[in-house]
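Open the model in your viewer and keep the selection panel at hand. The tour goes from one bound molecule to the next.

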Amino acid sequence: MLPPFFVAKLMPTTCVVGILWGDEGKGKVIDFLAADADYVVRFGGGHNAGHTLILSSGKCVLHLVPSGIVHRHVVNVIGNGVVVDPIHLVNEIQRLRDRGLTVDPGRNLLVSERAHVILEAHRIQDQWAEQARGKGRIGTTGRGIGPAYADRCSRIGLRMGDLLRKDLLKAGLLRLCAEKNAMFTAIGLKALDANLLFDLLTTAGEQLRPAICDAGGVLRAAHQAGKRVLLEGAQGCLLDVEHGTYPYVTSSHASTGGAFSGTGLPPHAMRVIGIAKAYATRVGEGPFPSELTNDIGDRLRIAGNEFGSTTGRPRRCGWFDAVAVRYSGELSGARELTVTNLDVLRGFDPLQVVTGYRLADGTMATTFPAFDLESVQPVFQTLPGFHEDLREIRKFDQLPLAARRYIEFLEQQTRMAVTTISVGPERDQVILR
Ligand code: GDP
Ligand code: IMO
Ligand code: MG
C-alpha cells in the first residue's frame, strides 16, 4: 500500500474559489472539473449564491445544490458551513428534477446535519436591516444570510439535524421565536408563529431526511480512502467576512480558509484554483477601485450579460484589478488562476489593467488596504485589445497575439499561473494550458 503522502499526492483535494466579489464563473468551472471528482462540496454561503451551468436543455442556475449535480457519479455535499433554507432547497431539488436531472437525496445529495437553517425570520430581518441602513446599505441579496450566521454565533440557531428531531425542533423554535419576537414587536414587525414554522420545517425535514447526515464524517472517510474531493467556493475572496471589503461583504468565510471549518475535513495540502473574469464585476454596494461608470462599463455589462444570477440586478463592471487579484491569490493560497469571459473583451481596444493603488497621501499602496479603499486612485497599464471571436478557440497559441499578451501580463502582475482560460459559457469552451 502507498504511504498516505503518496495517496494525497495522487488524489489531491481541489478547492475552487472566486477571487473578487463573486460571479466569476465558478459554476461552469466546477461542472467542468467535476467529471474527475467523486465528491463536490459547498462549504459556505447559502442561496445568495447563483452558479450557472449551460446544459443541453439550456441555462440552469444552482443556488444551494453543488455544481457537480449533472455528473451522475458525483456525490454532492452541502457542508456544515452552508446556511440552508430547507424550503428553498426542497423547491430547488424539484426544479432540477423537472429539468430531467437526477437528484436523489442520500445518494447523490447529502446535507450536513450541522448546517444552520435559514428561516423566514432571517429574511425579514435582512430586508428590514437593509432598509434601516438607507444609504449605508450593503446591497445584500435579501435572503437572510447575515442574520442566519449571526444566530449561529449567538447560539440560538437551528441546525438541519433539528428538523428530524421534533422535540428539539419545537424547543429550539420556541426559544428562537421568543428572542426574535421581543425584537420584532419592538420595531413594528409581525410576530413569528412558532407552531406554523414547526409545521413548515417538519414537512421540509421529512423530504430531506434521507440526505441529512454527518457529512463531515462522510468526507473524512472519503478523504482517507483517497477519493477525489472538489470543494466549491461560493461568493469570492473579497466578500469574505474577515478578509474582504468589510463591511461590504457577505457573512461567511468565502476564501479557502472556510474550506476546512465549513466541511469538517482536517487541514491538508490541496490544489487551490482561483477564478477571476478577464475584467471585474461586483453586485451590491461597496468600494470597487477599477469600476467603469461610463459607456465602457455599460458595454461590458451588455457584452458579458452581467446581470445577477440570484437577484437579476445589473452587475457593476470594471477593468481587471491585478492588485486585488494578487491579494486574493495570496490569501487563498491559489497559485493557479482560471480566467473566464476572455471572449467578452472582444472589441474593447485598448484594454486596461489596474497595477497599483495611489493612496490619499500620494504614496503607492504596498498591500491591499483594509480601510479607505473608496479613496484610492487606481493606476492603469494600457494594453492593445483584440477584435477576433475567441469562442471556438481551444489552444492558447491560436489566440490572437493581443489576447496572449494580455493573459501573460495578468500572470506577471498577479504572480499566478493562468492554467485555464474560458472563452464562452459552455462546458467545452475552455483552453487548457
Ligand atoms: P458563479 O457565481 O461564479 O458561478 O458565476 P455566475 O454563474 O453567477 O455568473 C457567471 C456568468 O458568466 C454565467 O452567466 C455564465 O454562464 C457565464 N460565463 C461563464 N464563463 C464564461 C465565459 O468564459 N464567457 C462568457 N461569455 N460567459 C461565461
Ligand atoms: P456567487 O456564489 C455575487 C453579495 C451581495 C452583497 C453582499 C452581501 O454566485 O458568486 P448577502 O446576501 O450575502 O448578505 O449579501 O454579497 N453576494 C454576491 N455577489 N455573487 C454571489 O455569489 C454573492 N453572494 C453574495 O450582492 O453585495
Ligand atoms: Mg453567481
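How many Å separate a backbone N or O atom of aspartate 23 from an oxygen atom of ligand 2? The gap is 2.8 Å. Keep in mind that this is a predicted model.

**Stop 1: ligand 2**

Select ligand 2 and show its surroundings. The shell holds 20 residues. The closest are Asp23, Lys26, His51, Thr141 and Thr250.

Now add glycine 50. One of its backbone N or O atoms lies 2.9 Å from a ligand 2 oxygen. Arginine 313 reaches in with its side chain: a polar atom there lies 2.9 Å from an oxygen atom of ligand 2. On its own, ligand 2 has 550 Å² of accessible area, and the protein covers 98% of it.

Color the shell by residue type. You should find 7 nonpolar, 10 polar and 3 charged residues.

Next, color by domain. Domain 1 spans 10-113 + 214-432, and domain 2 spans 116-208. Ligand 2 lies between them, because both give residues to its shell.

**Stop 2: the magnesium ion**

Select ligand 3, the magnesium ion. Its protein donors are Asp23, through OD, and Gly50, through O. They lie 2.0 to 2.2 Å from the ion. Trace the backbone at each donor. Aspartate 23 sits in the loop between β1 (13-18) and α2 (26-33), and glycine 50 in the loop between β2 (39-42) and β3 (51-55), so the pair ties together parts 27 residues apart in sequence.

Are these two donors buried or exposed? Both aspartate 23 and glycine 50 are buried.

**Stop 3: ligand 1**

Move to ligand 1. It has 18 residues around it; Lys26, Thr52, Ser309, Asp343 and Ser422 come nearest.

Show the backbone here. Each of the following residues places a backbone N or O atom by an oxygen atom of ligand 1:

- Lysine 26, at 2.7 Å
- Asparagine 341, at 2.9 Å
- Glutamate 24, at 3.0 Å

The protein covers 93% of the 590 Å² of accessible area that ligand 1 has on its own. Two elements, α2 and β3, give two or more residues to this shell. The largest share, 3 residues, comes from α2. By type, the shell around ligand 1 divides into 3 nonpolar, 9 polar and 6 charged residues.

**Stop 4: glutamate 130**

Finish at helix α4 (residues 120-133), where you will find glutamate 130. Glutamate 130 counts as buried because its relative accessibility is 10%, and buried means under 20%. Measure from its side chain to glycine 139: a polar side-chain atom of glutamate 130 lies 2.6 Å from the backbone nitrogen of glycine 139.

Technical notes: Residues are numbered from 1 along each chain as its sequence is written. Chains are lettered from A and ligands numbered from 1 in the order in which they are written. This is a predicted model: local features need pLDDT of at least 70, side-chain atom pairs count only at pLDDT 80 or more; totals for chains, interfaces and linings use all residues. Side-chain values use heavy atoms; hydrogens and water are left out. Donors are N, O and S atoms within 2.8 Å of the metal (3.2 Å for Na, K and Ca); water is not among the atoms, so sites may look incomplete. Helices (H or I, at least four residues) and strands (E, at least two) are DSSP runs, numbered from the N terminus. Buried means under 20% relative accessible area, exposed over 50%, partly exposed in between (1.4 Å probe, protein chains only). A residue is near a molecule or strand if one of its heavy atoms lies within 4 Å of it. A polar contact is a pair of N or O atoms within 3.5 Å; within protein, one must be able to donate a hydrogen and the other to accept it, and residues adjacent in sequence count only if both atoms are side-chain atoms. Accessible areas come from the Shrake-Rupley method with a 1.4 Å probe; for residues, only the protein chains shown count as cover. Ala, Val, Leu, Ile, Met, Phe, Trp, Tyr, Cys and Pro count as nonpolar, Asp, Glu, Lys and Arg as charged, and the others, Gly among them, as polar. Domain bounds come from an automatic or database domain assignment.
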